[in-house]
Each structure stands twice: as C-alpha cells, then as structure tokens.
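Student: Hey, got a minute to go through this one with me? I'd like to start with how the chains sit together and then move to the DNA.

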There are 2 protein chains.
Amino acid sequence: MVFSRYYIGMKTTEIYSFVERLSELLKVDSRQAGAEFGLQPVQLEVLHYLSICNRYSDSPMAVTEYLGLTKGTVSQTLKVLESKGLLSKQLDVNDKRISHLKLSVKGARLINKTIPTAMFVNACELLPEKNQTEIASSLKQLLITLLEANNLKTFGVCKSCRYNSKTKEGNYFCRLVEQPLSADDIQLICREHSNSD
Amino acid sequence: MVFSRYYIGMKTTEIYSFVERLSELLKVDSRQAGAEFGLQPVQLEVLHYLSICNRYSDSPMAVTEYLGLTKGTVSQTLKVLESKGLLSKQLDVNDKRISHLKLSVKGARLINKTIPTAMFVNACELLPEKNQTEIASSLKQLLITLLEANNLKTFGVCKSCRYNSKTKEGNYFCRLVEQPLSADDIQLICREHSNSD
DNA sequence: CTTTATTGTATCGAGTCGATACCTTTTTAA
DNA sequence: TTAAAAAGGTATCGACTCGATACAATAAAG
C-alpha cells in the first residue's frame with residue numbers, strides 16, 4: 001500500500017532521518033574496517049552473511065536476495081572473495097545449478113575480528129544493559145515492520161520459523177526441506193524463513 | 001578507547017546486525033527512489049542534507065564532513081547535481097574560498113517527494129504512535145552514543161546547541177557566529193553543533 | 001611578509017552496480 | 001517423452017562512487 005505524500009507523520013520523518021544517519025556512520029566505519037584487508041563494505045557484508053546463514057541459504061542467489069543486489073554484481077563480488085582465499089564454492093550434490101559458498105578459516109577469522117565494527121563496540125559497551133535491551137528491541141520491531149509492510153523476505157533464524165518443529169525426542173525438524181536440524185542449525189538464518197507469529 | 005575482541009557482548013552483536021540490515025534495506029529503497037530521477041543514493045543524501053542544514057553549514061566541506069567522504073568525491077557529486085539543475089552555488093560574501101549550496105525549487109520538490117522513502121512510510125504509518133515514539137527515542141540514543149563514544153561531530157539542530165541562547169526579548173542568538181537566529185533557524189542542523197547536555 | 005591552514009577543483013585507478021546476453025540444469029507442461 | 005519455461009550462475013559493458021593525489025586560490029598566523 002502506498003500512502004499519499006500529504007500525510008506523512010513527523011515521527012516517520014524523524015525515524016527515517018535517524019536510520020539514514022546511522023546508515024552513513026555504519027558505511028564509513030565499515031569502509032575503514034574493510035580497508036585493512038583491502039575489502040569493500042559490500043564484500044564484508046557478504047562474508048558476514050555467509051557466517052550466519054544455514055546450509056540451505058549459502059548460494060549466490062541467496063546472497064543476492066539478502067543484499068538486494070543483482071546476481072551479476074554478486075557473482076563479481078564472490079569472484080574477488082574467492083581469489084583472496086576467503087571462501088570456496090562447492091557444487092550441490094542434488095542440483096547441479098546450485099553452488100554452496102563456504103567461508104575459509106581465514107574468512108571466518110576476518111569476520112570475527114571485524115564485525116561488529118570498532119565504532120559500535122565502543123558505543124554499545126558504554127550503554128547500560130537495560131538501554132541495550134531497549135534499543136535492540138526497538139530496532140527489531142522496526143525491522144520486522146519494514147519487512148512485513150513491504151512483503152520482503154525475513155531471513156530469520158530457524159528457531160522462529162513456522163516450518164520448524166520439535167520431535168518427541170526433543171530434536172528439531174524443518175517441515176519445508178524435510179530434514180532434521182541441530183541445536184546449532186536453528187540459530188542460523190534461512191532464506192526460506194517465515195515468521196511463526 | 002578500543003575494547004579487546006574477546007569481550008564483545010551479545011547485545012552489541014545483535015544491535016550491530018539490526019543496524020546493518022536496516023542499512024541494507026535503506027540502501028535498496030534509496031536506490032529505487034533515486035532511480036526515478038536518475039539519481040544515486042549518495043546524491044539523494046546530499047540533497048536531503050542541504051534541505052535540513054542551516055546557512056553556516058551548506059558548503060561542500062560541511063557536506064563532506066556530514067557524509068564522511070573525501071572532498072574530491074563530494075565535489076564531483078555536486079557538479080552532477082548542479083548540472084541537473086537541482087542546486088546552485090553562491091560564493092560567500094566575506095570568505096571567497098567558501099561557496100553556499102542552495103537547493104533549487106526543483107531540488108526541494110524532489111526531496112519532499114522522495115524522503116522519507118516509500119518503504120519507511122509504509123512501515124512507520126502502520127505502527128501505533130507509542131511504538132513510533134519508543135523507536136525514535138531508541139534510535140536517537142544509539143546515534144548520540146555512537147557519535148560521542150567516537151568523538152564525531154553531532155550535526156544537531158541549533159535548538160539543542162550549547163552556543164544557542166535566548167535574549168530577553170525572546171529571540172535566539174548563536175554565541176559562536178554571533179548572529180541572531182530565527183525560529184525557523186533553530187530547527188536546522190549545524191556543523192558547529194555541540195550538545196548542551 | 002612569509003608560512004601555514006582551509007576551501008575547493010581536477011584527474012586517475014580500483015571497485016560497485018544494473019542491464020543485458022548467454023549458458024547450463026531443473027522443472028513444468030504439452 | 002519431449003519441448004518450453006524457469007532458475008542458478010557467469011561474462012561483459014557503461015555509468016557512477018570513492019580515495020588518493022596534485023594543484024590553485026584565499027585566509028589566517030607568525
């Protein structure tokens with residue numbers, strides 16, 4: 001639904017401005033963090049995504065959807081990251097069109113050292129835990145509303161997905177791909193995620 | 001102060017991830033919003049900044065500081081915007097090195113029509129006012145903490161600036177530039193802004 | 001009056017990005 | 001079963017961003 005330009009609330013404008021400003025700061029910070037390793041902000045984001053997604057969501061197309069880019073751009077970015085030895089491609093066993101992107105040890109270490117960036121660590125660690133919780137909760141609510149209001153994929157973790165179920169033995173099972181999931185699995189984000197509201 | 005990589009709280013990581021995701025969404029949305037007019041996200045941000053800054057902060061250098069870019073990049077961006085008739089440059093009367101960037105009617109109309117972007121309007125207008133207020137407040141707190149923890153310029157409005165004072169006639173006065181300010185002035189952001197805590 | 005800092009422009013190379021074309025594999029439909 | 005459509009992925013092109021560097025003009029400091 002598109003609202004008329006004549007009825008935009010003050011709060012909406014305020015929220016937009018804050019997010020825009022945060023975005024600018026993050027970009028500058030991320031550029032600096034990546035520069036140390038000769039990486040662009042987008043390349044850092046790709047590595048970060050691959051470090052938190054599950055095995056059904058580590059393909060070039062999934063990265064494309066997550067970052068909202070075109071597959072051509074992503075293909076090019078991946079080529080660079082592969083040539084730097086930060087990730088490798090493995091062909092899918094069942095579907096020969098699909099490849100799985102796996103972070104190398106070097107790639108994983110780089111992300112652990114880089115994200116979250118210094119700027120955010122400096123700031124967040126200064127805040128009382130209560131405020132951290134409030135901020136995280138507000139950000140989450142804004143994000144979910146944005147995704148739902150615009151019919152975008154949620155890319156949430158399996159734990160909160162409607163396809164995830166618990167067996168009577170206490171194990172997890174995804175009813176979409178019809179495969180069992182481990183305790184680690186359900187902490188990762190999935191491109192097929194759908195909120196269980 | 002730089003914290004060791006071994007003591008990063010869960011909440012910090014969570015907050016970072018949310019901001020990163022919001023950032024990605026904003027970028028995609030902003031690209032789409034600008035595409036209609038053949039503008040890049042950064043160009044839109046420059047126009048937006050010029051629409052909310054005061055007359056002491058509308059120079060190329062101020063834009064450079066605000067966006068965290070280099071002056072070369074900004075100079076190039078401004079050239080494009082000027083060639084499209086969205087802004088014009090006016091030399092400063094007192095200091096011939098400085099130019100003032102003024103949005104044209106076309107430029108101002110473009111920003112009013114474009115910002116906040118459709119995606120944010122769609123989402124925020126769905127939220128109850130109470131939640132909007134909470135989110136805005138959390139974002140503001142995070143932003144201020146980030147700026148202070150990293151010694152960055154605040155770019156706040158004159159209303160909240162320590163240099164701003166009220167005369168006994170009820171008028172506003174900036175003790176830094178030693179000039180009177182109007183009621184409209186004190187709603188605009190300034191590159192010399194310093195929180196009055 | 002000379003040195004230094006500030007504001008701004010011009011140019012170069014590396015990289016992002018969207019668009020398009022193309023190839024291969026899988027899925028769907030006839 | 002076979003032909004058509006859809007999906008995943010790569011390659012290439014042009015427009016643009018960006019940092020770095022060099023340079024010019026003005027202002028401020030000594």
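**Two chains and a DNA strand**

Tutor: Sure. Keep in mind that this is a predicted model. Chain B superposes on chain A by a rotation of 180° with 0.0 Å of shift along the axis, and the RMSD is 0.1 Å.

Student: What kind of axis relation is that?

Tutor: A two-fold axis. In chain B, Ser23(B) has the C-alpha nearest the axis, 2.5 Å from it.

Student: And how much of the contact surface of chain B recurs in chain A?

Tutor: 100% of the contact residues of chain B turn up again in chain A, so the same surface serves both copies.

Student: How many residues does each chain put into the contact?

Tutor: Chain B gives 53 residues and chain A gives 53 residues. On the chain B side, helix H1 (10-35), helix H6 (118-124) and helix H7 (129-149) each supply at least two residues.

Student: Which one gives the most?

Tutor: H1(B), with 16 residues. By class, that side of chain B has 30 nonpolar, 13 polar and ten charged residues.

Student: OK, switching to the DNA. Which residues come nearest to strand C?

Tutor: Gln40(A), Gly72(A), Lys96(A), Met61(B) and Gly72(B), out of 26 residues around DNA strand C.

Student: Which helices are in on that?

Tutor: From chain A, helix H2 (41-52) and helix H4 (71-83); from chain B, helix H3 (60-67) and helix H4 (71-83). Each of those supplies at least two residues. H4(B) has the largest share, six residues.

Student: What's the class mix there?

Tutor: Near DNA strand C, the surface has seven nonpolar, twelve polar and seven charged residues.

Methods. Residues are numbered from 1 along each chain as its sequence is written. Chains are lettered from A and ligands numbered from 1 in the order in which they are written. This is a predicted model: local features need pLDDT of at least 70, side-chain atom pairs count only at pLDDT 80 or more; totals for chains, interfaces and linings use all residues. A residue is near a molecule or strand if its C-beta atom, placed from the backbone, lies within 6 Å of it. Helices (H or I, at least four residues) and strands (E, at least two) are DSSP runs, numbered from the N terminus. Ala, Val, Leu, Ile, Met, Phe, Trp, Tyr, Cys and Pro count as nonpolar, Asp, Glu, Lys and Arg as charged, and the others, Gly among them, as polar. Copies are superposed by least squares on the C-alpha atoms of residues with pLDDT of at least 70 in both. Two residues are in contact if their C-beta atoms, placed from the backbone, lie within 7 Å.
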